[in-house]
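The following paragraphs lead the reader through a single structure, from its sheet to its pocket and its core. Please keep the sequence and the coordinates in view while reading.

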Amino acid sequence: MKNNHSQKTTQSQKNIVVLVSGSGSNLQAILDACDSNMIDASVKAVFSNKAEAFGLERAKNAGVAARSVNPKDFDSREAFDHELMIQIDTYQPDLIVLAGYMRILSSEFVRHYAGKMVNIHPSLLPKYPGLHTHQRAIDAKDKEHGTSVHFVTEELDGGPVILQAKVPVFEDDDAELLAGRVLTQEHAIYPMVCKWFAEDRLSMVDGQAVLDGKVLGKHGYAEE
């Protein structure tokens, strides 16, 4: 019986494709979590819009297909995204993970992967969409800051939040110190969300994040 179960698990294992623009430390956390079987899925490919992105090296080191597509080879964002979709789809992804992917996505791309694309954003959404989140939290004299994993919709950093992690903001913090504290939390919560998705516990229904059959609140799971 045991062999049948393991065969079933392998057959149902999800395929993940990760998009990166830089170092890919969140990618590494996900690769490690797949490797240790925390996530019942496998990263099939890593794509980047930058050939020199260290995330591609992480993929190669893990024996994962590493692909770069240069936006400069295309006349428009839509043409670039269309080609990217064609290449991604050869890996039959169940989940698209944006891990420090620094391009704004076209509507076609977002719609194509609706409900199966997630992003991590370094703020407690809906606070501070966009860039320079750590400095903005410091400038606002916030007592806490953090990070959010959310489904991707056509609204920039506006999709339904799945999970957040909070960190304190100290008086002598600068953006770099705060970013480091937030990144540590990102490495914990992003694999957790991928695990939920791989186990068919997580979905997006009618523009809302649903976990274990329950609609999540504005700040995601374990909302206070």
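**Sheet, pocket and core**

In this predicted model, three strands form an open sheet in the order E8-E9-E10, and their pairing is antiparallel. The edges are occupied by strand E8 (202-205) and strand E10 (214-215); each has a single partner strand, so one side of each is left without a neighbour in the sheet. Strand E9 (residues 208-211) runs antiparallel to E10 and is joined to E10 by two bridges. Within this pairing, Val210 has Val215 of E10 as its bridge partner. In general terms, the strands of a sheet pair through backbone hydrogen bonds, in either a parallel or an antiparallel manner.

The discussion now turns to the largest pocket, whose volume is about 990 Å³. Its lining comprises 37 residues, of which Gly100, Tyr101, Met102, Ile120 and Pro122 are the closest to the centre. Two or more lining residues come from each of H2, helix H5 (107-112), strand E5 (117-121), helix H6 (133-139) and H7. The element that gives the most is H7, with four residues.

A record can be set beside this geometry. An unreviewed UniProt entry lists Gly24, Ser25 and Asn26 under "binding site". Gly24, Ser25 and Asn26 are included in the lining of the largest pocket. Ser25 lies in helix H2 (residues 25-35), and Asn26 is also placed in helix H2.

What does Ser25 contact, leaving aside its neighbours within four places in sequence? With those neighbours excluded, Ser25 is in contact with Arg58, Leu183 and His187. On the same basis, the contacts of Asn26 are Ala99, Ile120, Leu183, Glu186, His187 and Tyr190. Asn26 has a relative accessible area of 6% and is therefore buried, the cut-off being under 20%.

The remaining topic is the nonpolar interior. The largest nonpolar core contains 37 residues, and those that touch the most other members are Ile16, Val18, Ile39, Val43, Val46, Val97 and Ile162. Helix H7 (residues 175-198) supplies the largest share of this core, namely seven residues. Another core, of 19 residues, lies apart from it and has Ile88, Leu98, Tyr101 and Leu105 among its members.

Val18 illustrates the contacts of a residue in the largest core. Leaving aside its neighbours within four places in sequence, Val18 is in contact with Leu27, Val43, Ala45, Val46, Phe47, Val97 and Ala99. Helix H7 thus links two parts of this account: H7 gives the most to the lining of the largest pocket, and the largest share of the largest nonpolar core comes from H7.

Technical notes
Residues numbered from 1 in each chain as written. Predicted model: local features only at pLDDT ≥ 70, side-chain atom pairs only at ≥ 80, totals over all residues. Heavy atoms only, no water. UniProt positions renumbered as here; feature names shortened; annotations may be inferred. 1 Å grid on protein atoms, 1.4 Å probe; cavity = no way out; pocket = protein on both sides within 12 Å on 5 of 7 lines; lining within 4 Å. Contact = heavy atoms within 4.5 Å. Buried < 20%, exposed > 50% of the residue type's maximum accessible area, 1.4 Å probe, protein only. Core = buried A, V, L, I, M, F, W, Y, C linked by side-chain atoms within 4.5 Å. Pairing = 2+ DSSP bridges. Points joined across faces, edges and corners; volume = space filled by probe spheres on them.
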